[in-house]
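Trainee: I get lost when I try to look at a whole protein at once. Please pick one part, take me through it closely, and then show me how the rest fits around it.

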Amino acid sequence: MEAAMGLMRRMPPKHVETALSALLSLMPDHSSDLLSQVDQPLQVLCDVDCGKEFILCEYNRDADSYRSPWSNKYHPPLEDGPYPLPELRKLEIEANEVFAIYRDQYYEGGISSVYMWEDENEGQGRRGYLQEGAWDAIHVIEVAPEEEGMAHYCLTSTVMLSLTTNNELSGTFNLSGSIRRQMNMDLSVADGHLCNMGKMIEEMEGKLRNSLDQVYFGKTKEMVCTLRPPSELLQMKLPDS
């Protein structure tokens, strides 16, 4: 299992589904562990009742159906599917509206979905030279029971990045990778859970973006410039004729 997880951590996001399927065939006894610990690139489905797309994941799936956060209906229809409690559903509706605004302001488009459940134990951006690209952000928050106006929040965030360019000037280039981090905070619930969760996700996404920029883009740029210096640097090194 440890070797399998090590392999999946090094697997480019675009090949995660294929590799996971192969591991499930080789390790059927560990299927539940693999499916719960390995994050896969997100897929979307259109809610025909309201004409909006939503994200498919383990947190809105029951059997082979997925619940839409917009209409609160399963697609395809499911007779006995689980639903959030009325209070959570009300908060879920508000959260989806808020994060849709957050998504548009930070990513200039894309798709966001928020799903809320009671604890059982209690994205079109600017492409430029980009031919194909995906930024999949998954945030899972566990909220502990409140005590004296405080609550404990545990946020686990995963970002999977994949991009490809194909341009005469830049040539063909492929870059992909993923990063996962966790954050724990004890916060006052005076402003509400949604406000606290939003602040944590915003802070975490900022850290993840900086990490990806330094690790993937920064190191790649440094390596490319070392192997193939810019033309102006080459001209500076040429002897005078």
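Mentor: Let's begin with a word we'll need straight away: a helix here is a DSSP run of type H or I with at least four residues, and helices are numbered from the N terminus. Keep in mind, too, that what you're looking at is a predicted model.

The part I'd pick is helix H4, and inside it Phe 99 and Tyr 102. These two sit three residues apart in H4, which means they are separated by about one helical turn. There's a handy rule behind that: an α-helix has 3.6 residues a turn, so residues three or four places apart point the same way.

Now look at their rings. A pair of aromatic rings is described by the distance of the centres and the angle of the planes. For Phe 99 and Tyr 102, the centres are 6.0 Å apart and the planes make an angle of 75°, an edge-to-face pair. Keep going along the helix and you meet Tyr 106, four residues on from Tyr 102, so again about one helical turn separates the two. This second pair is tilted, with 4.6 Å centre to centre and 35° between the planes. Put together, Phe 99, Tyr 102 and Tyr 106 make one aromatic cluster. The whole structure has four aromatic pairs.

Next, how covered are these residues? Phe 99 and Tyr 102 are both buried. The cut-off for buried is under 20% relative accessible area, so Tyr 102, at 13%, counts as buried. Tyr 106 has a relative accessible area of 36% and is therefore partly exposed.

Phe 99 also takes us into the wider surroundings. The largest nonpolar core has 20 residues, and Phe 99 is among those touching the most other members, along with Ala 95, Tyr 153, Leu 155 and Met 200. H4 (86–107), strand E7 (150–167), strand E8 (171–188) and helix H5 (193–227) each put at least two residues into this core. H5 gives the most, with seven. The core isn't confined to one domain either: at least three of its residues come from domain 2 (40–130), and at least three from domain 3 (131–228). For a feel of what that looks like around one residue, try Ala 95. Setting aside neighbours within four places in sequence, Ala 95 is in contact with Val 114, Met 116 and Leu 194.

There's also a second, separate core, with 11 residues, including Met 8, Ala 19, Leu 20 and Val 38. Met 8 belongs to helix H1 (residues 2–9), where Ala 4, Met 5 and Gly 6 are buried as well. Helix H2 (16–26) and helix H3 (31–37) are among the things covering those buried residues.

While you're at that end of the chain, find Pro 13 in the loop between H1 and H2. With a relative accessible area of just 5%, Pro 13 counts as buried. Pro 13 and Pro 41 are 28 residues apart in sequence, yet their C-alpha atoms are 6.5 Å apart in space. Beyond its sequence neighbours within four places, the contacts of Pro 13 include Pro 41, Met 160, Leu 161 and Gly 177.

Back to H4, since both of its ends lead to something worth a look. Most residues other than glycine have a negative phi, and most peptide bonds are trans. In the loop between strand E5 (74–75) and H4 you'll find Pro 76, and the peptide bond from His 75 to Pro 76 is cis, with omega near -10°. In the loop between H4 and strand E6 (130–143) sits Glu 108, which has a positive phi of about 55° although it isn't a glycine. Glu 108 is partly exposed, because its relative accessible area is 38%.

One more stop for ring-spotting: Lys 52 lies over the face of Trp 70, at 4.4 Å from the ring centre.

Finally, zoom out. The chain has six helices and eight strands, and buried residues make up 31% of its 241 residues. So when you go back to the model, start from the cluster of Phe 99, Tyr 102 and Tyr 106 and work outwards.

Terms used
Residues are numbered from 1 along each chain as its sequence is written. This is a predicted model: local features need pLDDT of at least 70, side-chain atom pairs count only at pLDDT 80 or more; totals for chains, interfaces and linings use all residues. Side-chain values use heavy atoms; hydrogens and water are left out. A nonpolar core is a set of buried Ala, Val, Leu, Ile, Met, Phe, Trp, Tyr and Cys residues joined through side-chain atoms within 4.5 Å. Buried means under 20% relative accessible area, exposed over 50%, partly exposed in between (1.4 Å probe, protein chains only). Domain bounds come from an automatic or database domain assignment. Contact means heavy atoms within 4.5 Å. Rings of Phe, Tyr and Trp (its six-membered ring) pair if their centres lie within 6.5 Å; planes under 30 degrees apart count as stacked, over 60 as edge-to-face and the rest as tilted. A charge sits over a ring if NZ of Lys or CZ of Arg is within 6 Å of the ring centre and within 35 degrees of the ring normal.
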